[in-house]
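Biologist: I should like to go through the fold and the contacts of this model with you. Please take the structure below as the basis for our exchange.

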Amino acid sequence: MKKGLVMCRTGMGSSLMLKIKLEKIIQENNFPLEIEHDVLSGFMGHHPDVIITMSDLVDEFKDSGCYVIGVKDIMDEEYLTNELKKFFEQSKDEK
Amino acid sequence: MLSDVLKEEYIKLNVEVSNWEEAIKEAGTVLKDNGVVNEQYIEEAIKNVKELGPYIVITKGVALPHATNKIGVNKTGISLITLKTPVEFGNKDNDPVYYIFMLATTDMESHISALSSLSELLGKPEFFDVLKNAKDSKSVIDYIKVNEN
């Protein structure tokens, strides 16, 4: 099971919507991924395998060493599904 | 459910504004007039966009302005305004914005099921037809009540 972290600024609007959408996609695709969500300042407490965030926040995590997915349109299920597939493909190569 | 926090009187259709700031003010005033938030909350929501950018434009044509739950929120609520003329928020992927869902929440949980319904509805092209062609708030709320889960 991999751990995903949805990051946002206030943690109650866009990121919550994004988390809801991701959970639906994870369920539909049986992705082995658990999603948590937090605000930027709470990042250090988590040790995620993948960070999913709005595209304008991607730069905040470029030095984190984590796989980062930037999202422009949270309703774009096809994009989100493909990006998660890419993440799983890549993490498979690492083993 | 969405209809628990987005009530018929929280919907205002075909509002005329000239920029994004006015759009948030209008959507915030609807909440204020219904006792959901005070003036300070509206100012905070505008400040959020100025300081943090237009990330609240979550999908094509839809903005979800909000501020923290710590300032000026009396109860959890979501207002909806549709714009007669769309406005730009500066989000190049999702501009122009036609629909503003303004969110106010008292805590981190009370709005989760509402946002979950909203997420489902925003995935339906039919919902956008309803928003676009609605003659009154009741027809929007009736559609939400039938289609939310």
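Biologist: In which sense do β4 and β5 of chain B pair?

Modeller: In this predicted model, strand β4 spans residues 77–87 of chain B. One residue of this strand region, Thr82(B), stands opposite Tyr99(B) in β5(B). Seven bridges join β4 and β5 of chain B, and the sense of their pairing is antiparallel.

Biologist: Which residue of β5(B) is the bridge partner of Val62(B)?

Modeller: Strand β3 of chain B covers residues 62–63. It pairs with β5(B) over two bridges in the parallel sense. The bridge partner of Val62(B) in β5(B) is Tyr99(B).

Biologist: What is the order of the strands in the open sheet of chain B?

Modeller: The sheet has five strands, and its pairing is mixed. β1 (11–15) and β2 of chain B have a single partner strand each and stand at the edges, so one side of each lacks a neighbour in the sheet. Read across, the order is β1-β4-β5-β3-β2.

Biologist: How many residues of β5(B) are buried?

Modeller: Across chain B, 44% of the 149 residues count as buried. Strand β5(B) is mostly covered. Of its eight residues, the number buried is seven.

Biologist: Which strand of chain B gives the most to the largest nonpolar core?

Modeller: The largest nonpolar core has 68 residues, and those with the most contacts inside it include Ile100(B), Phe101(B) and Met102(B). Val62(B) and Ile78(B) also belong to that group. The strand that gives the most to this core, with seven residues, covers residues 97–104 of chain B and is β5.

Biologist: With which residues is Phe101(B) in contact, leaving aside its neighbours within four places in sequence?

Modeller: Phe101(B) is one of the residues with the most contacts inside the largest nonpolar core. Once its neighbours within four places in sequence are left aside, the contacts of Phe101(B) are Val62(B), Leu64(B), Ile78(B), Leu80(B) and Leu118(B).

Biologist: What is the radius of gyration of chain B?

Modeller: The secondary structure of chain B comprises six helices and five strands, in the succession α-β-α-α-β-β-β-β-α-α-α from the N terminus. For 149 residues the globule rule gives 15 Å, and the value for chain B is close to this, so the chain is as compact as a globular protein of that length. Its C-alpha atoms fill a box of roughly 35 × 30 × 25 Å along the principal axes. The radius of gyration is 14 Å.

Biologist: Which element of chain B gives the most to the side that touches chain A?

Modeller: In the complex, 22 residues of chain B are in contact with 15 residues of chain A. Two elements of chain B, β2 (57–59) and α4 (112–122), each supply at least two residues of that side of chain B. The residues there divide into 10 nonpolar, 10 polar and two charged. With five residues, the element that gives the most is α4(B).

Biologist: What ipTM does the predictor give the complex?

Modeller: For chain B, the average pLDDT is 95, and 100% of the residues score at least 70. The complex has a pTM of 0.91. Its ipTM is 0.84.

How values were computed. Residues numbered from 1 in each chain as written. Chains lettered and ligands numbered in written order. Predicted model: local features only at pLDDT ≥ 70, side-chain atom pairs only at ≥ 80, totals over all residues. Contact = placed C-beta atoms within 7 Å. Helix = DSSP H or I, 4+ residues; strand = E, 2+ residues; numbered from the N terminus. Nonpolar A, V, L, I, M, F, W, Y, C, P; charged D, E, K, R; others polar. Rg over C-alpha atoms; globule rule 2.2 N^0.38 Å. Buried ≥ 20, exposed ≤ 12 C-beta atoms within 10 Å, placed from the backbone. Core = buried A, V, L, I, M, F, W, Y, C linked by C-beta atoms within 7 Å. Pairing = 2+ DSSP bridges. pLDDT = per-residue confidence, 0-100.
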